[in-house]
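Thanks for coming. I have one structure today, and I will go through a few side-chain pairs before the overall numbers. Please have the sequence and the model open.

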Amino acid sequence: MDREWGSKPGSGGAASAQNEAIDRRERLRRLALETIDLAKDPYFMRNHLGSYECKLCLTLHNNEGNYLAHTQGKRHQTNLAKRAAREAKDAPVQPQPHKRKVALKRSVKIGRPGYRVTKQFDPETKQRSLLFQIEYPEIEDNAKPRHRFMSSYEQRVESFDKKYQFLLFAADPYEIIAFKVPSTEIDKSTPKFFSHWDPDSKMFTLQLYFKVKPPEANKPQPPANGNAAPRVPPPPPNVQPPPPPQGLPPGAPSGNPPRGPPPGTMPPPLPPLMANGPRPMPPGGSFPAPPPPPMNVGPMSNFTPGNPMDRPPLPPPPQGFSGQQPRAPPPPPNMGH
């Protein structure tokens with residue numbers, strides 16, 4: 001029999017080394033197709049002849065499967081490692097930011113401390129103040145209580161309210177306590193704002209004063225009926241009035257003269273008052289009797305006018321100047337012709 005030794009009847013015979021290499025490359029190609037995307041491979045290139053090249057290893061391949069099998073080979077993987085080492089050596093060393101590591105101290109809380117709050121009022125400065133006294137009898141050795149102010153927007157326990165803020169006190173192993181105080185500016189001058197820790201009595205004391213709000217003198221008062229009148233905006237600063245028009249006498253008012261009402265809208269004029277008008281009715285209801293006429297007393301009481309016909313006629317008035325002959329009046333013009 002001419003079959004090869006070791007092969008079974010009906011088989012194609014034992015695979016040669018060439019066939020095993022072909023089978024190995026085919027398996028590597030299928031594996032590379034599942035894990036590698038040729039569109040994202042920076043070393044894959046197709047030339048003008050229709051074949052494929054590896055720009056890293058400078059090798060030529062007939063098809064994509066041959067190139068994918070090459071990428072899984074020893075030569076391509078060695079060149080990738082050399083390229084990565086060279087780029088890491090040539091790249092400049094970037095300074096790393098220094099991160100400070102703070103060790104979180106975990107301790108078992110034993111509860112809230114005792115406290116006392118006293119409200120005070122200064123009659124001289126009209127300022128209100130608060131005095132806090134916190135007791136820490138079980139505080140840790142060489143520890144000192146701390147305090148800080150917190151805005152209403154920092155906490156997550158209550159809803160936001162810009163009218164209030166929080167004052168926090170902390171000391172291990174006690175829980176942190178907070179007090180809700182008005183969000184008024186605090187007077188942090190030395191004699192008014194102070195804090196003190198007494199290690200003997202284990203009491204922490206803090207005092208704060210609130211600043212007095214200045215009175216709003218320029219704020220307009222709202223009207224009683226609630227209807228606010230429109231405010232006239234003030235004139236802009238550093239603006240000079242316009243010059244008076246030319247041709248007016250000094251002291252004359254500038255601007256247009258006041259206009260009268262349109263015709264037809266004025267009421268009728270009042271009648272003139274009579275000098276001897278009707279007199280008002282007296283309280284009695286009747287006018288007093290008029291005084292009697294005067295009697296004829298005096299030198300002209302017996303005078304009787306005479307008849308004017310007994311007097312001689314008066315001469316005519318003189319015409320012209322003295323020594324000048326009177327002229328005859330000119331004839332009337334001829335109206336017929």
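Start with Arg27, which forms a salt bridge with Asp23. The closest N and O atoms of the two are 3.3 Å apart. This is a predicted model, so please read every distance as computed from predicted coordinates. Both Arg27 and Asp23 belong to helix α1, residues 17-35. They are four residues apart, about one turn of the helix. Are these two side chains in buried or exposed positions, or in between? Arg27 has a relative accessible area of 44%, so it counts as partly exposed. Asp23, at 45%, is also classed as partly exposed.

That pair is part of a longer list, since searching the whole structure gives eight salt bridges. I will show two more of them.

Next is Arg148, whose salt-bridge partner is Glu154. Here the closest N and O atoms are 3.4 Å apart. Arg148 is partly exposed, with 39% relative accessible area. Glu154 is partly exposed too, at 43%.

The other one is between Lys211 and Glu185, with an N to O distance of 3.2 Å. What does this pair tie together? Lys211 sits in the segment after β11, while Glu185 sits in the loop between β8 (177-182) and β9 (186-187), so the bridge links parts that are 26 residues apart in sequence. As for accessibility, Lys211 is partly exposed at 35%, whereas Glu185 counts as exposed at 54%.

Stay in that segment and go to Val212, which also lies after β11 (203-210). Which residues does Val212 touch, if we leave aside its neighbours within four places in sequence? The contacts are Thr125, Lys126 and Gln127. Take Gln127: it is 85 residues from Val212 in sequence, but the two C-alpha atoms are 6.0 Å apart in space. Val212 has 46% relative accessibility and so is partly exposed.

Now a residue with a lower value. Asn47 is in the loop between β1 (44-46) and β2 (52-54). Its relative accessible area is 16%, and the cut-off for buried is under 20%, so Asn47 counts as buried. What does the side chain of Asn47 reach? One answer is the backbone nitrogen of Leu49, at 3.3 Å. There is also a polar contact of 3.2 Å between the side chains of Asn47 and Glu53. Outside the four places on either side in sequence, Asn47 is in contact with Glu53 and Leu60. Glu53 therefore turns up twice for Asn47, in the polar contact and in the contact list, where contact means heavy atoms within 4.5 Å.

Last, the overall numbers. The protein chain has three helices and 11 strands. Read from the N terminus, the order is α-β-β-β-α-α-β-β-β-β-β-β-β-β. Of the 337 residues in the chain, 19% are buried. Among contacts with a separation of 6 or more, 46% are between residues 24 or more positions apart. The accessible surface of the chain is about 30300 Å², and carbon and sulfur atoms account for 57% of that.

To go back over the pairs: Arg27 and Asp23 lie within one helix, and Lys211 and Glu185 join the segment after β11 to the loop between β8 and β9. That is what I have for today.

Notes:
Residues numbered from 1 in each chain as written. Predicted model: local features only at pLDDT ≥ 70, side-chain atom pairs only at ≥ 80, totals over all residues. Heavy atoms only, no water. Helix = DSSP H or I, 4+ residues; strand = E, 2+ residues; numbered from the N terminus. Buried < 20%, exposed > 50% of the residue type's maximum accessible area, 1.4 Å probe, protein only. Areas by Shrake-Rupley, 256 points an atom, 1.4 Å probe, with all protein chains shown as cover. Salt bridge = Lys/Arg side-chain N within 4 Å of Asp/Glu carboxyl O. Polar contact = N/O pair within 3.5 Å; in protein donor to acceptor, adjacent residues only side chain to side chain.
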